[in-house]
Amino acid sequence: AFEKTCQGKTEELKLRWSKALAHAATIAGEHSLKWANEAEMIQKIATDVLNKLNLTPSRDFDGMVGHEAHLAKLKSMLCLERDEVKMIGIWGPAGIGKSTIARALDNQLSSSFQLKCFMGNLKGSLKSRIGVHDHDSKLWLQNQLLSKILNQENMKIHHLGAIKERLHDQRVLIILDDVDDLEQLEVLAKELSWFGSGSRIIVTTEDKKILKAHGIKDIYHVDFPSEEE
């Protein structure tokens, strides 16, 4: 059927169509046999579509000094056209604008991903609970991420393999903001294999050592503005 459709078309157009079909095959959908209640499945699909239609570009970052230059460099670093999973870091001193840059990046890129999540203000998120190495604290943190990215408020997980189990075949955009402990990265994004092809994980932090310890090689340094800026 594809060859018949392509008759009389250029090789360039055939290749574009072929790539589009290959990509469509990787997009996760809903299987009706896995739903006990058809009405709930339809509600889920309708909510997903509504969320996509409501994605309008924010103007919150218009006029931010140096904004476009930061985003251009970060997009180049992210290599969005590639299918591998990539994790990058945004590093700089407190108050320099790392979180604002990450939010602006999230605003521009989120419509290109099946699932997205901005985990804001992670500083002290494990230590403020029972203990850094406490199993329940780690479960709580993973639960926060999955609840946000899957848009399910009352979600409960029971083991630390839940992120990989739920997201390994999904193309996701995850921003982990203000990370101050290596343990947070181990809990939320330990391995690239946890996420589907084409996923991008962005980590902002004041501590470059955390990024290096986690094996993140692509690090964007947010420095003080130039004289011109």
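Guide: The rings of Phe, Tyr and Trp (its six-membered ring) pair if their centres lie within 6.5 Å, and planes under 30 degrees apart count as stacked, over 60 as edge-to-face and the rest as tilted. In this predicted model the count by that rule comes to one aromatic pair. Local features here need pLDDT of at least 70 and side-chain atom pairs pLDDT 80 or more, while totals for chains, interfaces and linings use all residues. Residues are numbered from 1 along each chain as its sequence is written, and side-chain values use heavy atoms, without hydrogens or water.

Visitor: What is the secondary structure of the protein made of, and how do the elements run?

Guide: The protein has nine helices and five strands (DSSP runs, H or I of at least four residues for helices and E of at least two for strands, numbered from the N terminus). Read from the N terminus, the elements follow the order α-α-α-α-β-α-β-α-α-β-α-β-α-β, and the C-alpha atoms fill a box of roughly 60 × 50 × 30 Å along the principal axes.

Visitor: Why is K86 called buried?

Guide: K86 has a relative accessible area of 14%, which is under the 20% limit for buried (over 50% is exposed, in between partly exposed, with a 1.4 Å probe and protein chains only), and therefore it counts as buried. K86 belongs to strand 1, residues 86-91, where five of the six residues are buried. Leaving aside neighbours within four places in sequence, K86 is in contact (heavy atoms within 4.5 Å) with residues including M77, C79, R200 and D218.

Visitor: What makes strand 1 a partner of strand 4 and of strand 5?

Guide: Strands pair if DSSP finds at least two bridges between them. Six bridges join strand 1 to strand 4, and the two run parallel; one of the bridge partnerships is that of I90 with T204. Strand 1 and strand 5, residues 219-221, are joined by three bridges, also in the parallel sense, and here G89 has I219 as its bridge partner. Both counts satisfy the limit, so both are called pairs.

Visitor: Why does A189 count as buried?

Guide: The relative accessibility of A189 is 0%, so A189 counts as buried. A189 lies in the loop between helix 8 and strand 4 and touches M87, L176, W194, F195, I201 and H214, with residues up to four places away in sequence not counted. The C-alpha atoms of A189 and A36 are 32 Å apart, with their positions 153 residues apart along the chain. Across the protein, buried residues make up 39% of the 229 residues.

Visitor: What makes up the largest nonpolar core, and which helix gives the largest share?

Guide: The largest nonpolar core (buried Ala, Val, Leu, Ile, Met, Phe, Trp, Tyr and Cys residues joined through side-chain atoms within 4.5 Å) has 34 residues, and those with the most contacts inside it are L145, I149, L167, L176 and F195. Among the elements that give two or more residues to this core are helix 6 (135-150), strand 3 (172-179) and helix 8 (182-188). The largest share, six residues, comes from helix 6. L145 touches, among others beyond four places in sequence, C117, M119, I174 and L188. A second, separate core of 19 residues includes L74, L78, I88 and L105.

Visitor: How do you know that R103 and R171 lie over ring faces?

Guide: The rule asks for NZ of Lys or CZ of Arg within 6 Å of the ring centre and within 35 degrees of the ring normal. R103 lies over the face of F118 at 4.0 Å from the ring centre, and R171 lies over the face of F113 at 4.2 Å.
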